[in-house]
Amino acid sequence: MNYRHHFHAGNFADVMKHVLLLRLIAGMQRKEKGFLYLDTHAGRGAYVLAAAARGDSLARQPEHPLGIGRLVSRSDLPPGVADYVTLVRSFDQQRGGRGDGTGHYPGSPWLVQLRARPQDRLVLCELHPEEHAELAREFALGPRAQVVAADGYAAVRAYLPPLERRALVLIDPPFEAQDEFARIVSAVAEALRRLPGAVIAIWYPLTERARLDAFIGELCALALPPTLELELAVAGPGSALKLKGCGLVVLNPPWKFDAETSPLLEWLAAALAQEPGGGARVRWLVEEKVPS
Ligand SMILES: C[S@@+](CC[C@H](N)C(=O)[O-])C[C@H]1O[C@@H](n2cnc3c(N)ncnc32)[C@H](O)[C@@H]1O
């Protein structure tokens, strides 16, 4: 386990994932009934962006200036992006930063915790001992969050179905392991068996298109519920950039999530572009049904 998220915190991929995560939370909270938020790969919860430039041995090029750094000075943020930027700024300010996207950055656990209502609950899984220790420290006093040093894929079996019978699951692995895609597919199959209505969001990197197409094919073979795929590319397919973009597959998305998020992703694709040829794509893998 070499992956450490703090090198990447606040980069374009975090921006895309976290903007969409907040929209998913808002969608879940249209209903009064509480839900379980299960973060299978939670990370350390909060990041000091200055640390991103300090590599383990060599200095690194920080990634946040091309992510959150591109947004903080914009005065034309669409509401769904403004909601995210406002939350990130206030998190930074609460920790003594200037709120300018260079200080403290909240990971997915904190973004959700800041929005959780008394009836909502968080289970945060992190396997790396140092990241887990930091996450446990962050949430030691949190009333609604449980931090577990567990394999996030196994947690799907342990925590679903929840008492609330409603869940939002974020699967956000580091993609270090050769079998990561296969593990995701079997965890999704297990989650659907246990709670067919679970909202499940899976983040993936846009690196090798053929491998991704195979992954999407394997997912679709599961007889999925309504499922939306959202992609943001910061460069064209022929770019030499290792990470050309990223995507989120969302099973059982909130009603009209596609219409809500398409303009946000179009806007982000322009704001976060690194090379020509990028863009946004939102497509149904399985169409949502019009309620009768
Ligand atoms: C991409 S980061 C998570 C970022 C976080 N979700 C966010 O948005 O702020 C992935 C994390 O998963 C952890 N990890 C790797 N394998 C894991 C596993 N099998 N179960 C739980 N955590 C794991 C890594 O240590 C790393 O901190």
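Let me start with Leu36, which lies in strand β1, the run of residues 36-39, and let me say at once that what we are looking at is a predicted model. Leu36 counts as buried because 23 C-beta neighbours fall inside 10 Å, where the cut-off for a buried residue is 20 or more. In sequence Leu36 and Leu122 are 86 residues apart, yet from C-alpha to C-alpha they are 5.8 Å apart in space. If we leave aside the neighbours within four places in sequence, the contacts of Leu36 are Arg121, Val123, Tyr159, Pro162, Glu164 and Ala167.

From that one residue, let me step back to the chain. It holds 9 helices and 10 strands. Its radius of gyration is 18 Å, close to the 19 Å that the globule rule gives for 292 residues, so the chain is as compact as a globular protein of that length. The C-alpha trace spans about 50 × 45 × 40 Å along its principal axes, and 44% of the 292 residues are buried. As for contacts between residues at least 6 apart in sequence, 76% of them join residues at least 24 apart, and the pair of Leu36 and Leu122, 86 residues apart in sequence, was my opening example of positions far apart along the chain and 5.8 Å apart in space.

Which residues touch the most other members of the largest nonpolar core? That core has 82 residues, and the ones in question are Ala167, Val169, Ala191, Val199, Ile200 and Leu268. The largest share of this core, 11 residues, is supplied by helix α1, residues 12-28. Ala167 we have already met as a contact of Leu36. Ala191, for its part, touches Val156, Leu160, Val169, Ala198 and Ile200, once residues up to four places away in sequence are not counted.

Now to strand β9, residues 245-251, where 7 of the 7 residues are buried. Gly245, Gly247, Val249 and Leu251 point one way from the strand, while Cys246, Leu248 and Val250 point the other way, and all of these are buried. What are the pairing partners of β9? One is strand β7, residues 199-205, which runs antiparallel to β9 and is joined to it by 6 bridges; within that pairing, Trp203 stands opposite Leu248. Another is strand β8, residues 227-233, which pairs with β9 in the antiparallel sense over 7 bridges, and there Leu228 has Val250 as its bridge partner.

Just past that strand, in the loop between β9 and α9, residues 257-272, we find Asn252. Its phi is near 50°, a positive value in a residue other than glycine. Is Asn252 buried or exposed? Asn252 is buried, because 22 other C-beta atoms lie within 10 Å.

For context on the backbone, most residues other than glycine have a negative phi, and most peptide bonds are trans. With that in mind, let me turn to the loop between α6, residues 152-159, and β6, residues 167-171, in which Pro161 lies. The peptide bond joining Leu160 and Pro161 is cis, with omega at about -5°, and Leu160 is also one of the residues that Ala191 touches. Arg165 is found in the loop between α6 and β6 as well, and although it is not a glycine, it has a positive phi of about 60°. Arg165 counts as exposed because it has 12 C-beta neighbours inside 10 Å, whereas Asn252, the other positive-phi residue I mentioned, is buried.

On the other side of α6, Ala150 lies in the loop between β5, residues 145-148, and α6. Ala150 is partly exposed, because 17 other C-beta atoms lie within 10 Å. Ala150 and Leu127 are 23 residues apart in sequence and 5.5 Å apart in space, C-alpha to C-alpha. Not counting residues up to four places away in sequence, Ala150 touches Cys125 and Ala155.

Let me finish with the ligand, which has 21 residues around it. Those that come nearest are His41, Gly43, Gly107, Ser108 and His128. By residue class, the shell around the ligand divides into 8 nonpolar, 7 polar and 6 charged residues.

Key
Residues numbered from 1 in each chain as written. Predicted model: local features only at pLDDT ≥ 70, side-chain atom pairs only at ≥ 80, totals over all residues. Helix = DSSP H or I, 4+ residues; strand = E, 2+ residues; numbered from the N terminus. Pairing = 2+ DSSP bridges. Contact = placed C-beta atoms within 7 Å. Near = placed C-beta within 6 Å. Nonpolar A, V, L, I, M, F, W, Y, C, P; charged D, E, K, R; others polar. Rg over C-alpha atoms; globule rule 2.2 N^0.38 Å. Core = buried A, V, L, I, M, F, W, Y, C linked by C-beta atoms within 7 Å.
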